[in-house]
Amino acid sequence: RNARVLDIGIERGYQTCFLAKEYGAQVIGLDPDDDRSDDIPHIEHLMRNARSWNVEDRVIGLKLGVPETYFASNTFDFVHSTTTLEMVRGFFGEAMYRQCLSEIYRILRPGGVFGLGEPMHLDVPIPADLALIYTKGDGAGPEGWAKCFATVEETVKACRSVGFEVIEADN
């Protein structure tokens, strides 16, 4: 059977479509909000890209988020999330972040793999050009987007606390 993959935080769906095309996987892409790029909802971007990549039969986009996924336990072989969950940590706190990780752990089958990519800059100096970006906009100021960043060690500790075995973690 084809691998079942959950992609959390799809943006325009390029990674979601890549996973479906490159690996022949059945991929569900989640976007919890009505996030938009070019005034088009991300789910719509995903489905347009799925059609253009000829993977429409293997891609589903859902307006849904973690921790309330409503999927059965052991549903997915792989879960992928890049530059998404750190926003949960930053804006809703560490407890909610761990609830999201717990849900991901629950819906992964035994032996499944969770790939997590987050910007983790607290254990290295933040480049000056990036500091300007993450400390302003949307009224966030220095207390805004900067709250989303953690160290690799903090993220590893959070993942382990919900049951994950961390195979690799690096900056």
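Are Phe71 and Phe76 buried or exposed? In this predicted model, both Phe71 and Phe76 turn out to be buried. The two rings also pair up with each other, edge-to-face, at 5.0 Å centre to centre and with 85° between the planes. Both of these phenylalanines touch Leu6, which makes Leu6 a handy place to start on the interior.

Leu6 belongs to the largest nonpolar core, a set of 22 residues, and together with Leu85 and Ile104 it touches the most other members. Quite a few elements chip in with two or more residues each: strand 1 (4-8), strand 2 (26-30), strand 6 (76-82), helix 3 (85-92), helix 4 (94-107), strand 7 (108-117) and helix 6 (152-161). Helix 4 gives the largest share, with 5 residues. Leaving aside residues up to four places away in sequence, the contacts of Leu6 are Ile28, Leu30, Phe71, Phe76, Phe78, Val79, His80 and Ile107. Apart from this core lies another one, made of 12 residues, including Ile10, Ala25, Val27 and Met47.

Back to the aromatics: there are 4 aromatic pairs in the model, and the Phe71 and Phe76 pair described above is edge-to-face. Another edge-to-face pair is Tyr105 with Phe164, at 5.1 Å centre to centre and 85° between the planes. Tyr105 sits in helix 4 and Phe164 in the segment after helix 6, so this pair ties together parts that are 59 residues apart in sequence. The two partners differ in how much surface they show: Tyr105 is partly exposed, with a relative accessible area of 40%, whereas Phe164 is buried at 13%. Phe114 joins Tyr105 and Phe164 to form one aromatic cluster. A ring of another kind of interest is that of Tyr97, since Arg89 lies over its face at 3.9 Å from the ring centre.

Helix 4 also carries an acidic residue, Glu103. With a relative accessibility of 9%, Glu103 counts as buried. What does its side chain do there? The side chain of Glu103 makes a polar contact with the side chain of Arg106, at 2.7 Å. Setting aside residues up to four places away in sequence, Glu103 touches Val66, Pro67, Thr69 and Tyr70.

Two of those contacts of Glu103, Val66 and Pro67, are themselves worth a look for their backbone. Most residues other than glycine have a negative phi, and most peptide bonds are trans. Val66 and Pro67, however, are joined by a cis peptide bond, with omega at about 15°. Pro67 has its place in the loop between strand 5 (59-62) and strand 6.

The loop between strand 5 and strand 6 holds Asn74 as well. Though not a glycine, Asn74 has a positive phi of about 60°. Its relative accessible area is 43%, so Asn74 is partly exposed. Thr83 is a residue other than glycine with a positive phi too, near 45°. Thr83 lies further along, in the loop between strand 6 and helix 3, and at 44% relative accessibility it counts as partly exposed.

Terms used: Residues numbered from 1 in each chain as written. Predicted model: local features only at pLDDT ≥ 70, side-chain atom pairs only at ≥ 80, totals over all residues. Heavy atoms only, no water. Core = buried A, V, L, I, M, F, W, Y, C linked by side-chain atoms within 4.5 Å. Buried < 20%, exposed > 50% of the residue type's maximum accessible area, 1.4 Å probe, protein only. Helix = DSSP H or I, 4+ residues; strand = E, 2+ residues; numbered from the N terminus. Contact = heavy atoms within 4.5 Å. Polar contact = N/O pair within 3.5 Å; in protein donor to acceptor, adjacent residues only side chain to side chain. Phe/Tyr/Trp six-rings, centres within 6.5 Å; stacked < 30°, edge-to-face > 60°. Lys NZ or Arg CZ within 6 Å of the ring centre and 35° of its normal.
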